[in-house]
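Visitor: Could you walk me through this model, one feature at a time? I would like to learn how to read each one.

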Amino acid sequence: MAYSFFRFLRSIRSTCAPVAAIIGFSCLLTFTFILYQPTYGPGISQRLGWQSWDVIALDKVASTLSNNASTSIDIGQGQDASNDAPEGTDWWDVLKPQESVDSASLPLDVWAPLLPHDTGLSEISVVRCMVRPDTVGDLCLPDTTPEKDSIKGNWVRVERNMNYENSYLSGYLHTYYRRTRRQDVNLITKIHLLEAHEEPTPLDGWTKVETSLRAGVYGAPPLFLWYYTGKTMMDSSAEERSQIITEIDMHFGNDDPWYGFEKLKPPTTLASPGKKENAFMTIRRGVHIPPRAPPLHFSHDGRFKIMQIADLHYSVSVGDCREVSFSPCTASDNLTNTLLGKMLDAEKPDLVVFTGDQLNGQGTSWDPKSVLAKFAKAVTQRRIPWAAIFGNHDSEVGLERLEQMKLMQAMPYSLVDPGPKDVRGVGNYVLKVKSADASMTHLLTLYFLDSGSYAEGYYNFWGIFKPTAYDWIRQDQIDWFLQESASIRPIERPFTPDGAKDLGGIWQRQSDQLTPQNRKLAKPNAMMFFHMPLQEAYSPADIDPSTKRPYDIGSKGTERPGSAKGNDGFFEKGLLKAMESDHVMQNAQHPATEVKVVANGHCHITENCRRVKGIWQCFGGGGSYSGYGKVGFDRRFRIYQIENFGETIRTWKRTEEDNVVDEQVLAGRGAPAL
């Protein structure tokens, strides 16, 4: 017994050393990567010296800088405008700056590619880290000294992992740069990506970053970043300053990069069919403020046209075709974009509304910014104002709706708005369409609501969320809508342009326009856009008293209802309660509601317009080859043409075969009686 006991003690003694080593090493790793967060004492924060964020005025530029203490970048106006147009100029053509960006106040040590920086970069580095860099403090920062930080600026990490598509063992590969406002520091004007055996010629002024842009990827040929430092800011002309590199980003996929950025080739990640997409480093030169949309307005003859684009379902890749009647079909996103351009050129709308599911989700839109960069390209290239709302799949991409909204707000000709923070959802907002005359009278109201994504679901074994029920419009959104509706001032209808009698034939009414009879004081007509239909979109339609047929035109019944199971009563408590006037009622049974049309997406092969209790509920129908469809069912886009200065609302659909189908009048003269 004693012999066995002593053997047991010896065995414990023999295991003490390795166990202690393992525990000690674990503690060291815990301290290094989790507990250790370097803090700087007051000496660092109070250190005096040349700071990279100071504007250093040397003798050569002192007089210039003293007269221009900061650089202001004007941003054009958006939806609201005042009428200070010169004589002979339409009021919406006068864009006054509503706000200006003081570029000298923009932070230099934060990566924010949407900010209009005009300050250049002084140094670039690439670092591979085996853990997420934002969890380990300065452990993965490039080498630096306080003196270099003071002169060239602090290191800024580009928050885009170049190894995102590669295995976990490839690690995290990030670009870092320094940004400075100093006038005596040479700034970067060129970046080249070269293979290991290549180098720029001549070599003077070029610096090679020693870490490959494909570091950690097994079998990938090394690719190195070379940058050229040109003149200092004080020695640069205005043209040369516009060519300095002011931002670095990444773009995934083969489509065009974000507005104002250009791709650097070759790709940092090489595509592998069905597994990986090409990844490109992108750069911005100078400042590129996206052009703003002019205020929405009717034409001089009282017309305003809206094109609804529903359910694009774009991906990072070029997309996969679904249920099409032609073959071969490849690159569905590109084919859809070409179709969009054809439809836009045929209809020439004044406004385009994307009614949700711009992103496919479902694991194919894993880099939302790269997808958002392309979904409205056909519209922005034609300088058409556009608005958008979210669909259920837009929440499946790993980026919150509010962040997506910020990106969309930074796109050309965008009119989107996140809406009030205390109301459920993102994208509850109102746009107003005004008259073309000098009175700028509000003639049409456009409401946009976020119908949500999913109300219920569960997480599977792999931690992936599996939805089981759609969301719906909630009570606080109903309250918000009623509040917005109550704030709209009534106008005298039908509208007569200001000065019509004095301007000869300019305001001459067309033969099919309403004559000023039966005038009334009421709110302008309104339309509403949200993604998922209400339950009432499937309720029995109103009946034509003369033909006994339902007011229901278009394809339906080819798919199951797309409405949510839950309902807070938006149709009854919101739409039917918002009257166009408290005093004017068309008849006792059906008072005139403010909202005449509700436009939905979500259901790709449902595209009917059905009137329920006086309100038309219309589906857009799928227009994308990337979203589900049905062989034999043409992709299509719904058009709304508002005429007679807002009194008449007409709709039709234009198909991919360029056919116009199901034209009907929803409100105004020629519409079915209530």
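**Cavities, cores and a lysine**

Guide: Gladly, and let us start inside: the largest cavity holds about 110 Å³ of space. Its lining has 15 residues, and W472, I473, P533, L534 and G566 are the closest to its centre. Please keep in mind that this is a predicted model.

Visitor: What is the make-up of the lining of the largest cavity by class?

Guide: Sorting a lining by class is a handy habit. Here the largest cavity has 8 nonpolar, 5 polar and 2 charged lining residues.

Visitor: How many cavities of 30 Å³ or more are there?

Guide: The count is 5. The second largest has a volume of about 60 Å³.

Visitor: Which elements each supply at least two residues to the lining of the second largest cavity?

Guide: Strand β9 (245-252) and helix α7 (368-375) do. The lining includes D249, M250 and H251, along with K369, S370 and A373. Also among the lining residues are R160, P257, W258, F261 and T282. By class, this lining divides into 5 nonpolar, 3 polar and 3 charged residues.

Visitor: Let us turn to the cores. What is the general idea there?

Guide: In soluble globular proteins, nonpolar side chains tend to be buried together. In this chain, the largest nonpolar core has 120 residues, and I191, W386, L446 and Y640 have the most contacts inside it. Strand β16 (residues 442-448) gives the largest share of this core, with 5 residues. Another core, of 6 residues, lies apart from it and includes V127, C140, W155 and Y176.

Visitor: And how do I read the chain as a whole?

Guide: Look at secondary structure, burial and contacts in turn. The chain has 11 helices and 28 strands. Of its 674 residues, 51% are buried. Taking contacts between residues at least 6 apart in sequence, 72% join residues at least 24 apart. The accessible surface is about 31,900 Å², and carbon and sulfur atoms account for 53% of that.

Visitor: One residue to finish: why is K377 classed as buried?

Guide: The class follows from relative accessible area, with buried meaning under 20%. K377 counts as buried because its relative accessible area is 17%. This lysine lies in helix α8 (residues 377-380).

Visitor: Which residues is K377 in contact with, leaving aside its neighbours within four places in sequence?

Guide: K377 is in contact with D256 and N337.

How values were computed. Residues are numbered from 1 along each chain as its sequence is written. This is a predicted model: local features need pLDDT of at least 70, side-chain atom pairs count only at pLDDT 80 or more; totals for chains, interfaces and linings use all residues. Side-chain values use heavy atoms; hydrogens and water are left out. A nonpolar core is a set of buried Ala, Val, Leu, Ile, Met, Phe, Trp, Tyr and Cys residues joined through side-chain atoms within 4.5 Å. Buried means under 20% relative accessible area, exposed over 50%, partly exposed in between (1.4 Å probe, protein chains only). Helices (H or I, at least four residues) and strands (E, at least two) are DSSP runs, numbered from the N terminus. Contact means heavy atoms within 4.5 Å. Accessible areas come from the Shrake-Rupley method with a 1.4 Å probe; for residues, only the protein chains shown count as cover. On a 1 Å grid over the protein atoms alone, a cavity is a set of points where a 1.4 Å probe fits but cannot get out, and a pocket is an open set with protein on both sides within 12 Å along at least five of seven lines; lining residues have an atom within 4 Å of a point. Grid points are joined across faces, edges and corners, and a volume is the space filled by probe spheres set on the points. Ala, Val, Leu, Ile, Met, Phe, Trp, Tyr, Cys and Pro count as nonpolar, Asp, Glu, Lys and Arg as charged, and the others, Gly among them, as polar.
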